[in-house]
Amino acid sequence: MILMPPGSAKSTYTSLLFPVWWFLRHPRSMVICAAHSLGLARSFGRRARDLVRDHADQLGFSIEPGHRAAENWATTAGGEFLAVGVRGAVVGRRADLIIIDDPVKSHAIADSKRQRDFIWDWYRSDLSTRLKPGGRVALVMTRWHKDDLGGQLEATVEDGWRVLRLPALAEAGDPLGRPPGEPLWPAWEGKDALARRRALLGERAWSALYQQRPQAPGGSLFRIDRITETADAEPDGHVVRGWDFAATAKDDGNEPDWTAGVKLWRAEDRRWVVLDVVRIRGSALEVEELLLRTAAQDGRKVLIALPQDPGQAGKFQASWFTGRLRGFHVVSSRESGPKTGRARYVASQVEAGHLAIVRAPWNRAFLEELRDFPAGAKDDQVDALARAFNTLESQSEPGARAMRVPVHLMGR
């Protein structure tokens, strides 16, 4: 999955050069190239076909004279290329490689749930079923919406996807090694040009189209641009693993909440570091197993903070887990007040630039949930983070809470 901004030559690399490179290494294979319209896919097919024809001597093969249509051509080495639109039928064809280039045409399509569901169903039921065993899929697109095809594929945690996100302005941990703020293609659009484009588009469209981080409308409590990354951390105490529980397993017909555990360290300089995040969509037994396994990995020096939901069932769950964690330092507390209120204290530390995270695979899902809160689809990691933070604060020396400088976030 290659996520890049508009005008970054992503189609040149993926839909023109890549098929020719593929045929050079897999001469007798079938390639399907899909785009949001047949016209766009046909233009990719025509230009890739012409590349083969113009460089036949270097490649060692050319275009089959009787099979040279722009949307469906074959090579003299036995390869075949088929171009289709999102609504195009691919029944009867089996592909070694499927290239999907910009399946979303516009904001109007991306903002329509019906259209997003249509593209998702087309990918799952029509296109992906055409892939041969051991075949490959390359999706290249500009992100438009959290639930576009790229977002839905990431949310399903499909096996085998490697995500390459190249934002217009580099962020921490850039895969190309760019320093933060460095443009992706300075000769095409430098910092000044991108700044003008950002001002014209607004933050929501800029974040989606150019930074490849689509936002849910209204998410504004956490300023994730002020969260820093660190390669590692060596905590010397003051560590809490805060939990938020759910107990519904994932199946084909539901999108349940997650059980999440966030491990937070308060350093001596009153800075905070998220050391680890674990989460699962599992049954009650799987949740309990994750809790016990994580506690064993964290060690007995880490305080475990559990929620106690209202009612007798909540009391029983907290008591049961506390008993199962015998030998560990466990605290539990009732949920009180709105979620935004519980999260506001740690959000103020983010606002002040006092929160860091250890660089790890869980970073992306964690930061996206913080960014979209409270308007996002899920808030389990936010709840676990708030629990860890508030528990650490409650364990502080007397008067520590009174020293906090209030930041009126909602009035910004």
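Helix α9 is a good place to enter this predicted model, and its buried residues are Val-287, Glu-288, Leu-290, Leu-291, Thr-294, Ala-295 and Asp-298. Viewed down the axis of α9, these buried residues fall within an arc of 160°, so they line one face of the helix. The other side of α9 carries the exposed residues Leu-285, Ala-296 and Gln-297. The length of the helix can be checked as well: α9 covers residues 284–298, and at 1.5 Å a residue its 15 residues should span 21 Å, which agrees with the 21 Å that separates its end C-alpha atoms. Just after α9 comes Gly-299, with a positive phi of about 95°. The residue numbered next, Arg-300, lies over the face of Phe-328, at 4.6 Å from the ring centre.

Attention can now turn to the sheets. One of them is an open sheet of 7 strands with mixed pairing, in the order β9-β15-β12-β11-β10-β13-β14. Its edge strands are β9 and β14, the latter made of residues 330–334, and each of the two pairs on one side only. On average, neighbouring strands of this sheet are turned by 30° against each other when direction is ignored.

Strand β15, which lies between β9 and β12 in the order of this sheet, repays a closer look. It consists of residues 355–358, with Leu-355 and Ile-357 pointing one way and Ala-356 and Val-358 the other way. Residues on both sides of β15 are buried, as all four of them are. What, then, stands opposite these residues in the partner strands? Strand β9, residues 228–230, pairs with β15 in the parallel sense over 3 bridges, and Thr-228 stands opposite Ala-356. Strand β12, residues 272–280, also runs parallel to β15 and is joined to it by 3 bridges. Here Trp-272 stands opposite Leu-355, while Val-274 stands opposite Ile-357. In general, the strands of a sheet pair through backbone hydrogen bonds, either parallel or antiparallel.

Another open sheet contains 8 strands in the order β3-β4-β5-β2-β6-β7-β1-β8, and its pairing is mixed. Strands β3 (63–69) and β8 (164–165) stand at its edges; each has a single partner strand, so one side of each is left without a neighbour in the sheet. Within this sheet, β2 (residues 30–35) pairs with β6 in the parallel sense over 5 bridges. Ala-35 of β2 stands opposite Asp-101 in β6.

The backbone beyond β6 also has a feature worth noting. Asp-102 is found in the loop between β6 (95–101) and α4 (107–110), and it has a positive phi of about 50° although it is not a glycine. Is Asp-102 buried or exposed? With a relative accessible area of 15%, Asp-102 is buried, because the cut-off for burial is under 20%. Ala-9 likewise takes a positive phi, near 65°, in a residue other than glycine. Its place is in the loop between β1 (2–3) and α1 (10–25), where a relative accessible area of 22% makes Ala-9 partly exposed. A further backbone feature is the cis peptide bond that joins Phe-373 and Pro-374, with omega of about 10°. Pro-374 is found in the loop between α12 (363–372) and α13 (380–394).

Aromatic side chains complete the picture. A search of the whole structure finds 12 aromatic pairs. One of them is formed by Trp-185 and Trp-188, which are stacked at 5.4 Å centre to centre, with 20° between the planes. Trp-185 counts as partly exposed at 38% relative accessibility, whereas Trp-188, at 53%, counts as exposed. Phe-18, Trp-21 and Trp-22 form one aromatic cluster. Aromatic rings also meet charged groups: the charged end of Arg-279 sits over the ring of Trp-258, 3.8 Å from its centre.

Definitions and conventions
Residues are numbered from 1 along each chain as its sequence is written. This is a predicted model: local features need pLDDT of at least 70, side-chain atom pairs count only at pLDDT 80 or more; totals for chains, interfaces and linings use all residues. Side-chain values use heavy atoms; hydrogens and water are left out. Buried means under 20% relative accessible area, exposed over 50%, partly exposed in between (1.4 Å probe, protein chains only). Helices (H or I, at least four residues) and strands (E, at least two) are DSSP runs, numbered from the N terminus. Two strands pair if DSSP finds at least two bridges between them. The expected span of a helix is 1.5 Å times one less than its number of residues. The arc is that of the directions from the helix axis to the C-beta atoms. Axes are lines fitted to C-alpha atoms, for helices over the stretch in contact, and angles run from 0 to 180 degrees between N-to-C directions. Rings of Phe, Tyr and Trp (its six-membered ring) pair if their centres lie within 6.5 Å; planes under 30 degrees apart count as stacked, over 60 as edge-to-face and the rest as tilted. A charge sits over a ring if NZ of Lys or CZ of Arg is within 6 Å of the ring centre and within 35 degrees of the ring normal.
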